[in-house]
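Trainee: Please take a close look at one part of this model, the chain that carries its helix packing, sheets and ligand surroundings. I should like one connected account, with each term defined by its cut-offs.

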Amino acid sequence: MTMDAARQTPHAPGAGLVDPTKQAMLLSALYLAQEQAGYLTPAAIERVAQRLGLSPGQVYSVASFYSLFRIEPVGRYVIQVCKGLSCYLCGGAEKVADYISAKLGIRPGETTPDGRITLELVECLASCGTAPAMRINDQLYENLTLDAIDLALERLLEGGEHG
Amino acid sequence: MPDQVTLTIDDVKVTVPAGTLVVDAAKAAGIDIPVFCSHPKLDPLGACRMCLVEFVGSRGSRLDTACTVRVAEGMAVRTNTEQVKAVREANLGFILINHPLDCPICDKGGECPLQDQTMAYGPGVSQFVEPKRHKNKRYPISDLILLDQERCILCWRCIRYLEEWEDKPQLGLFERGGETMIDTFPGQPVDAKTSGSIIDICPVGALTNRVARFRYRPWELKKTPSVCNHCPVGCNLRLDERVHALRRIVARENMAVNDEWICDKGRFVHQFVDHPERLKKPLVRDAQRGTLREATWDEALDRVVEKLGALVEANGPNTVGGIASPRVSNEAAYLFQKFFRALVGTNNVDFAGGSAVRAWPTGLSAITDIARSDLIVLVGFDPSEAAPLLAVHIKRVVLRKGAKLLIIHPRRIELAKYPGAYLPVLPGNEAALLGELAAAVQASKGVRGQEARGKQAARNPQSPGPGPQYPDVVALLAAAKSPLFIYGPDVARGERGRATVAALLNLATALGQGDKLAYIGAGANEQGVRDMGLLPDTLPGYAPVSDAAVRERLGKLWGLQPPAEAGQTCARMIGGGVKGLFVMGDNLAALPAVAEALRKLDFLVVQDLFLTETAQLADVVLPACSFAEADGTYTNLERRVQRGPQGIRAVGESKADWAILTALAEKWLAAEGRGDRSGVAPAAAPELPDWKRKKRKAKTGPAAKPWNYPTAQSVLEEIGKAVPFYATMRWEALGEGGLQWSARDLRVGVRDSGLSNTQSPTSNPRPGEFLLVSSPLFWDASLFMQYAADQVRQLIPAPFVALNPADLATAKLAEGSQMTLTSPHGSVILTLKADASVQPGTVWIPATLPGLPAETLGGGRGEPISVVVR
Ligand code: SF4
Ligand code: SF4
Ligand code: FES
Ligand code: FES
C-alpha cells in the first residue's frame, strides 16, 4: 500500500502558506467591499483576494455561497421579502411579493428599468415574531399590511431615505 | 503515541502505522470501502459520505466517514452491516438524483467509479421522478478541459488537487445547496501546467480531455506503459491505442519519478504521432528535377551509402558527421555514434545543445531527494516552464515541509514567490554572483574564510569592487542541512557556462555539499544521449576519446576502434566543418541562418517524422517512428533508465531510428565488403557471394563487425557492454519503473573545480539597450507543438518580447506595439508585452517562439547579447 505521508498530516508547517488570521477577515472584507458599489464587482473580488493572499476563485466561492453578498449589480434600493415559514403562515410572503411585483412591474430577482429598485425573496429575516416582514436596504419593515407596503414604496419612489 | 496501531475491521485484525485513515487501513486488510471524494494523494475531506461505516463502541455503534477518521488502538469497524448497506444505497440514490446517466456517451463510462459503485452498492432502482437539474454540459474551464456540470458529483478532488499540489486554487465551489457548481473565477481559466491530472482523478466523467474526448471507449483500448518524450523528467505514462491510432495519454504512477501526475504537454501533445503529415515513405532528391520524390528504403539507403561513402573516400572521414536530437532513444543514440565512430571512422557526432553545454554528467542525485531537501538552489533554471513535474515536487516540499528556495535567475520566475530568496542576475553574471556568494559563505565561516576570500578576489580581478554581502542569503545557505543545487542549460553554455558551473561547484563545496550539484538538460533523453557518448570528445560511458584503454575495449566490441582525436562540435559541423551531414530528429534549419549554412553542404541526410525545414533541404529523407511506435529506452534526469515500448503500429513505412541505422550500417558494410561504396549496385543486384567478401576483408585488415540487431533489446544488450554502468540494464530487468544507474559508478573527476572566472562581468546595459534573456516557456512552438491537436496548437503564443513595466514607461513604449529588436546577430519584429517578472534592463524573449526570434538575435549561445529596441 502506498501511503503518502502528507495525507496523514494535512496541516504540516507551511501547509498552504495561507495566513489564517488574514483568511478570517474574508467575510468582513467582502462586506466592506460590497458597500462601495452595492455589489461585489469582479475587480473588488480580485482586490480582496490579493489583499488576503487568496485566489479570486476562493473569494468568489465564498461570496457566491452567502445570499447577503451580491455578485450581480442591484438597484439603489433592494427590497428583500421574507419567504420563511412564519411569514408564509402570517399572510404569505407570496402575497407581499406579488403585490410589490405588480406595483413595480418587476419579478423577484429583477431590477426596475431605471436601476433604482431590486426585488428579492430571501430566507427568514429573523423577525418571525412580527411576520410578515421585509427589508429595504438596512431597514426592517414588520407586521406588513398592503397599506404599510404602499407607504414604504411611496417614500422610495419619492426618493425618500432608506438605510 | 505508539507507532503501530491494531484495530479490527469486519473481524480482520490489522496493524497499521498510527495516524492511518480507516479507509487506508481497510485497504491494507483487503476490505473495500467505496469512496468518491477520498483519494490516496489528497488530504481527507469527507464531502461525499460514501465511505460511511460503523464504529462499534461501548455505547453502541455510530456511523462515521472512514476517509476522515484515523485509526485508534482497539478500534472496531464494521463495513458489512445492514445499516452500512442501507446508507450506501441511500447515498448513491442522493448522488444520482442529479446525475444525468450519460454513460453511453460518457468518456468515463467503463472506467467510472460511480458506475462501478452503483453496480456494487447501489439500490438497483430509482425512486426519483422529478426532473433532473440541467446545467452546462460543455463548460470550458480551460483550453484543454471541458467540465460537464451535470455529471459533477461535487467531490472536490479537482479543487484539492489544484490547491494541494499546484498551489493554484483556481477551481472552487460556487453558489449553495442545489445550485452548487464547480467553476473558475470569470476570466481566469485553469492554467496549472499539470491541470490534466484532474481529469484522471475525477471519479466521474465530469472533466473531459478536449483532445481525446469521444475518441475511444475505455474497454476497447490497448494500454501500453511508457514514458514521456517531452522533457527530461521522464514521467511515466500510458499510451492508449485503438485501431492503430493513439487515442489518449494518461498518467501512470511511479513514486520515484512523477508520483501519479504528468504535465499538460505529456498528456495533450501527442497528435504528432498520428498526424496526417507524418512522413510515410523515404524521399530522395531527384537528380533531374532537383525535387524530393518518394523512394524505396533500398534506394534511399543506397543513396546515403553511396554519397557519404564517396565523400569519405574523396576527403577523408572527418568531412562527414552527424547531429542528433536529445530526444531519441538510447538505442538510437548509441547506434548513431557507433555508425560514425566504427564505420565512418570519425568522432564528428554531437547533439543540438550537446557539447556546448557544461553538463554535470550525473544529473540529479534522485528526484525523491527534492522531498528530503530543506533548501533548493535554482540557478538559471525555471522548472515551471522547463520540467513541470519538478516544479510540482518542489512546491510540495515548500508547502508541506517548509523547504526554502534560493533562486538565481535573470527573470523573477514563478517559484520566486515562495519563501527563501530571489537574486536577480544579469545574463552572464551568474559566475560572478556565485563567486561572491561563495566568498561570503567562506567569510562567514571565520578565519579560513578570510584566506579564501582573498583568493576569490584575486581570481576575480574585474569584479566591480567588494560585492554585496547578501547576509540573508548566506544565512539561508548556512542553515541548510540538505540543500540541492540545480542549474540548467541557459547558464551552462560556452566559456561563461564553464565559469558558472565552476563557481556553483565552489559554492556547494564551500558548504560541504559538493555532491549535491545537478544539471538538468532540455531534451527528453539528454542524460541518455550523453551516457551513450553522442558527443565529439566523449565515448560511450563518458571516457574521453583520448582514453586508449577504452578505445581498445570498444574496438574489440565493434571490430574497429574509434579515432583518438576529438570530433567537431555541432556548431562547427554546421558552420562548414563538414561536407556531408546526417541529422537525426532535429530541425536545425528552423533557424534561417542555419538553413543557409546547410544549403552549402554537398550531402545532407535527414531522419525525422515530418518534412521539417531541415528535411526540405535534404538529399535523402528517412521517415522515422515516434517514441510511441518503437521499443526504446530513455534515461531521465536522475539517471533512471526507463522502457518506452511500442504502443502503436508504425505509421506508413516509417521505421524505428535504431532499425534505420542498422539497415544503413548493413548496407555500408556490404558496400565495404565489395570494396566499392561509391559505386553501389542497384538494389535488385544479387548479393556478392561470401567467398568474395571474405577475400576483400582479408586484404583490408581489421573490419567492423556485422550489425546484428534484430530488436531494440539486442541494441540495449550491446550498450550494456559498451557502457559499464549500463551492464545491468536489460529490458526485462528495467520493469515498468525503470532502474537508476548509480552516480558512484561514474567517478566524475571534478575536472574544472579550480577553474577561475576569467569572464568579465556583463556591464549594465546602456540606455536604450537591453540584455536578452531567452529562458524557456512551457507552451512554445517546438516541433511537436506545431503538429499537436488544434486545441493545443492555439496555445502557441504569437511571438512577443516582454519588458519590465518601468522600462516600458521610461522608454515611452506602449504595450501591444510592434517593435524592431536588433542585436549583432540579427533583427526581429515582435509585439511588446509588459511583464513585472522581467528584470529592468533586460528583455525576455522565450526560447522557441514561432519564427525563433530569440535564437535569431543570438539567444542560447552562452554569451550576453545586447539588444536595441526601436
Ligand atoms: S469535476 Fe469531478 S473531480 Fe471535480 S468535484 Fe466534480 S466530480 Fe469531483
Ligand atoms: S514534466 Fe516533462 S516528462 Fe513529465 S509529463 Fe511533462 S514534459 Fe513529460
Ligand atoms: S420567517 Fe420571515 S422573518 Fe422569520
Ligand atoms: S469518501 Fe469519505 S466522505 Fe467521501
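Mentor: What follows is a close look at chain B, going from helices to strands and then to ligands.

The model is predicted, so to speak of local features a pLDDT of at least 70 is needed, and side-chain atom pairs count only at pLDDT 80 or more, while totals for chains, interfaces and linings use all residues. Residues are numbered from 1 along each chain as its sequence is written, and chains are lettered from A and ligands numbered from 1 in the order in which they are written.

Helices come first. Helix α7 (residues 297–315) of chain B packs against helix α21 (residues 657–674) of chain B at an angle of about 55°, their axes being 9 Å apart. This makes α7(B) oblique to α21(B). Helices here are DSSP runs of H or I with at least four residues, and strands are runs of E with at least two, both numbered from the N terminus. Axes are lines fitted to C-alpha atoms, for helices over the stretch in contact, and angles run from 0 to 180 degrees between N-to-C directions. Angles under 35 degrees count as roughly parallel, over 145 as roughly antiparallel, 65 to 115 as roughly perpendicular and the rest as oblique. The crossing of α7(B) past α21(B) is right-handed, that is, the near helix is turned clockwise from the far one by less than a right angle. On the α7(B) side the contact involves W297(B), L301(B), D302(B), V304(B), V305(B) and G309(B), which meet A663(B), L664(B), K667(B), W668(B) and A671(B) of α21(B); contact requires C-beta atoms, placed from the backbone, to lie within 7 Å. Eight of these contact residues are nonpolar, one is polar and two are charged. In this classification Ala, Val, Leu, Ile, Met, Phe, Trp, Tyr, Cys and Pro are nonpolar, Asp, Glu, Lys and Arg are charged, and the others, Gly among them, are polar.

A further helix pair is α18 (residues 570–577) and α19 (residues 592–599) of chain B, whose axes come within 8 Å and cross at roughly 55°. The two helices α18(B) and α19(B) are therefore oblique to each other. I574(B), G575(B) and G576(B) of α18(B) make the contact with V594(B), A597(B) and L598(B) of α19(B). That contact divides into four nonpolar, two polar and no charged residues.

Next come the strands. An open sheet of seven strands in chain B follows the order β15-β14-β25-β24-β23-β16-β17, with mixed pairing; strands pair if DSSP finds at least two bridges between them. Its edge strands, β15 (292–294) and β17 (349–351) of chain B, each pair on one side only. The twist from one strand to the next averages 20°. Within the sheet, β16 (residues 320–324) and β23 (residues 580–584) of chain B run parallel and are joined by five bridges, with G321(B) opposite L581(B).

The ligands complete the picture. Of the 13 residues around ligand 1, the nearest are C152(B), C155(B), C158(B), C202(B) and A206(B); a residue is near a molecule if its C-beta atom, placed from the backbone, lies within 6 Å of it. The shell around ligand 1 holds 12 nonpolar residues, no polar and one charged. Ligand 2 is surrounded by 14 residues, with C228(B), C231(B), C235(B), C263(B) and G266(B) the closest. Helices α6 (264–268) and α11 (388–401) of chain B each supply at least two residues of that shell around ligand 2.

Definitions and conventions. Contact = placed C-beta atoms within 7 Å.
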